[in-house]
Amino acid sequence: MKTIDNIPVSKIHRASKLVSTGARVGVNYLKYYGDKLTKTEVEARSRLNENNAGDIYDSLKQLKGSALKVAQMLSMEKSIMPQAYVEKFSLAQFSVPPLSPPLVIKTFKNYFGKLPNELFDSFNTTSVNAASIGQVHEAAKYGKKLAVKIQYPGVAESIVSDLALVKPIAIKMFNIKGKDSDKYFKEVEGKLIEETNYVLEMEQSKEIADACSYIPNLLFPQYYEELSSDRIITMDFMQGEHLSEFTAYNTDQEKANQLGQALWDFYMFQIHKLRKVHADPHPGNFLVSKEGKLIALDFGCMKIIPNDFYVPYFELAKPENINDQKFFVSKLYELEILREDDSPEEAEFFTEMFHELLSLFTQPFQVETFDFSNNEFFGKITELGQRYSKSTELRKMNGNRGSKHFIYINRTFFGLYNLMFDLKADKIKINNFNGF
């Protein structure tokens, strides 16, 4: 894979990169209008999406950092984003051009004050895995094979300016309006800043690994503080294949169910027992060992779930509460889905919309065991997402809905559901986590 010798660090350089990408997108639209003269609308739109997705991703992978992280987050919105964007942006999960070996050595020295060969018995300057915020290298020490994650230069310093650049796109895409819309961007900004703090990630990693060590078929690496810093993390090198690689060929239903149960238990235990959850459930953060066990990695993005959000959120997972109109509406106000300044039309529309969404989305919590390979269930989720994403009525209203905590909690559940569906996990015991 081609490597990168430098990353645009200054605001001007990063902004100019996005501006040039905007120009290419403009050219793609001109091609689209020309294609409509000779092709069907579906064919012309498909080519437009493919061209735009490719140009935007090519730009973001050069910038790395929060700009690329946003693409990674969007790739999980399979029911909203056109397929071309999902496929291209999903590469940000674990397959982007890495830093060149000379830049790796320079970056390591800047972060640690020492060269890699002064700390490790051996260190491979060629990356084995590159993602949005950092890349991983193989090393050896203590007679062990280690994984060393190095943060890209300039990532932490550019988060605020990067988000300012992508904010107009997000506002349009998610129909965000209203004077308090900044609370959503501040939530994302805060989490991205946390993800660049590797000292915090180290603490969170050790805390979660210790708390969840009793969950069957779940593994974590050991972490090494003396070989880590605020921009470098050293841990055991875990042998396994990415979850998406495993699901692409697996036909062993028993193994799929074992992995699915471990994944589900891992998340339910965190949410209900720890009230703090690994809010980045994409395939690049999970490996499958040869023994069929799940390996959990990367705890930079952790979401604390406050009690005043947790209680009403999970009260609406119960069918008797969803179907009690007065109680249901009161919880929508608690969760900031309904607002005091809503018009009667808005209150009626969003009450009906969320009743439909929650009636479907909470089905796994209403049974003892659930079949996550159910195509009908996931087909309905996709259909609902696409219907509301195209709703002209919704776009006329203030789509700025819900507590800021929804951003990462919903992201967690959508990501978890997608992983469970990819595994085709069946007979999953929903409340199995209570036994740990």
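Two strands count as paired if DSSP finds at least two bridges between them. With that in hand, here are some close-ups of a predicted model.

**View 1. Strand E1 sits against strand E3.** E1 covers residues 122-123 and E3 covers residues 134-141; two bridges join them, and the strands run antiparallel. To find one of the contacts, start at Phe-123: its bridge partner in E3 is Ala-139.

**View 2. E2 and E3 make a hairpin.** Strand E2 takes in residues 129-130, and it too is antiparallel to E3, with two bridges joining them. Look for Asn-129, whose bridge partner in E3 is Val-136. Three residues lie between E2 and E3 in this hairpin.

**View 3. E3 pairs with E4.** Strand E4 spans residues 144-151 and lines up antiparallel with E3 over eight bridges. Ala-139 turns up again here: besides bridging to Phe-123, it has Leu-146 as its bridge partner in E4. E3 and E4 also form a hairpin, with two residues between the strands, and Tyr-142 there takes a positive phi near 60°.

**View 4. Two cysteines, buried or exposed?** Cys-212 has 0% relative accessibility, so it counts as buried, the cut-off being under 20%. Cys-301 comes in at 2%, so it counts as buried by that cut-off as well. And how many disulfides does the structure hold? Zero, so don't go hunting for a pair of cysteine sulfur atoms within 2.5 Å.

Methods
Residues numbered from 1 in each chain as written. Predicted model: local features only at pLDDT ≥ 70, side-chain atom pairs only at ≥ 80, totals over all residues. Heavy atoms only, no water. Helix = DSSP H or I, 4+ residues; strand = E, 2+ residues; numbered from the N terminus. Buried < 20%, exposed > 50% of the residue type's maximum accessible area, 1.4 Å probe, protein only.
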